[in-house]
Amino acid sequence: MTTNWQQLHPKDIATDGVHIVDVDKWKSGNALDNLPRTIFSDIDGTLLKHWGSIEKILENPPEVLPGVKDKLQEWNLKDYKIILTTGRRESMRDFTIAQLKECGISYDLLIMGCRRGTRVVINDRKPDSLEDTAKGITLERNKGMEGLEI
């Protein structure tokens, strides 16, 4: 169903029953700023310390990187959907879930088996928006998320 946001509320905000949108931002093409985002994040080297190999990951306790818990809490409060990706094989799913739970990392979806090559997000631009709907951020390995703004 297509929604005409400007007809939903005549004043400053509009809603589709789930999200509240600033009509002025919608008109200017920036309404997506008000909607919950979907975050795709790698695990090793981004959320948890990357030990260099699967064998070392298995041998060492998980170490949450700086700023990760605060950033995840911020995204949870904003109702962002958090999708974790990893190059770890599917056979490591139970181990990975246990590590994430031990570290207090909550998420919505876990995608296993991503290859080591470049990861690309492709999305369409909404016809009534000037804003890009896909972004990419590359963090330095094992530095965490302190100061990260999206």
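Me: Hi! How many helices and strands does the protein chain have?
Reply: Hello! In this predicted model, the protein chain has five helices and five strands.

Me: And what pattern do they follow along the sequence?
Reply: Reading along the sequence, you meet them as α-β-β-α-β-α-α-β-α-β.

Me: Let's pick one helix. Which residues of α5 are buried?
Reply: Helix α5 covers residues 93–102, and its buried residues are Thr96, Gln99 and Leu100.

Me: Why do they line one face of the helix?
Reply: Looking down the axis of α5, the buried residues fall within an arc of 95 degrees, so they line one face of the helix.

Me: Nice. What do those buried residues pack against?
Reply: Their partners are α3 (54–59), β4 (81–85) and β5 (109–111).

Me: Which exposed residues sit on the face turned away from the buried side?
Reply: That face of α5 carries Asp94, Lys101 and Glu102, which are exposed.

Me: What about glycine 104, just after α5?
Reply: Glycine 104 takes a positive phi there, of about 75 degrees.

Me: Switching to the whole chain: what share of the residues is buried?
Reply: Of the 150 residues in the protein chain, 31% are buried.

Me: How much area does the chain expose?
Reply: The protein chain exposes about 10,100 Å², and carbon and sulfur atoms supply 49% of that area.

Me: Last one: what share of contacts comes from residues 24 or more positions apart?
Reply: Counting contacts with a separation of 6 or more in the protein chain, residues 24 or more positions apart account for 59%.

Terms used
Residues are numbered from 1 along each chain as its sequence is written. This is a predicted model: local features need pLDDT of at least 70, side-chain atom pairs count only at pLDDT 80 or more; totals for chains, interfaces and linings use all residues. Side-chain values use heavy atoms; hydrogens and water are left out. Helices (H or I, at least four residues) and strands (E, at least two) are DSSP runs, numbered from the N terminus. Buried means under 20% relative accessible area, exposed over 50%, partly exposed in between (1.4 Å probe, protein chains only). Contact means heavy atoms within 4.5 Å. Accessible areas come from the Shrake-Rupley method with a 1.4 Å probe; for residues, only the protein chains shown count as cover. The arc is that of the directions from the helix axis to the C-beta atoms.
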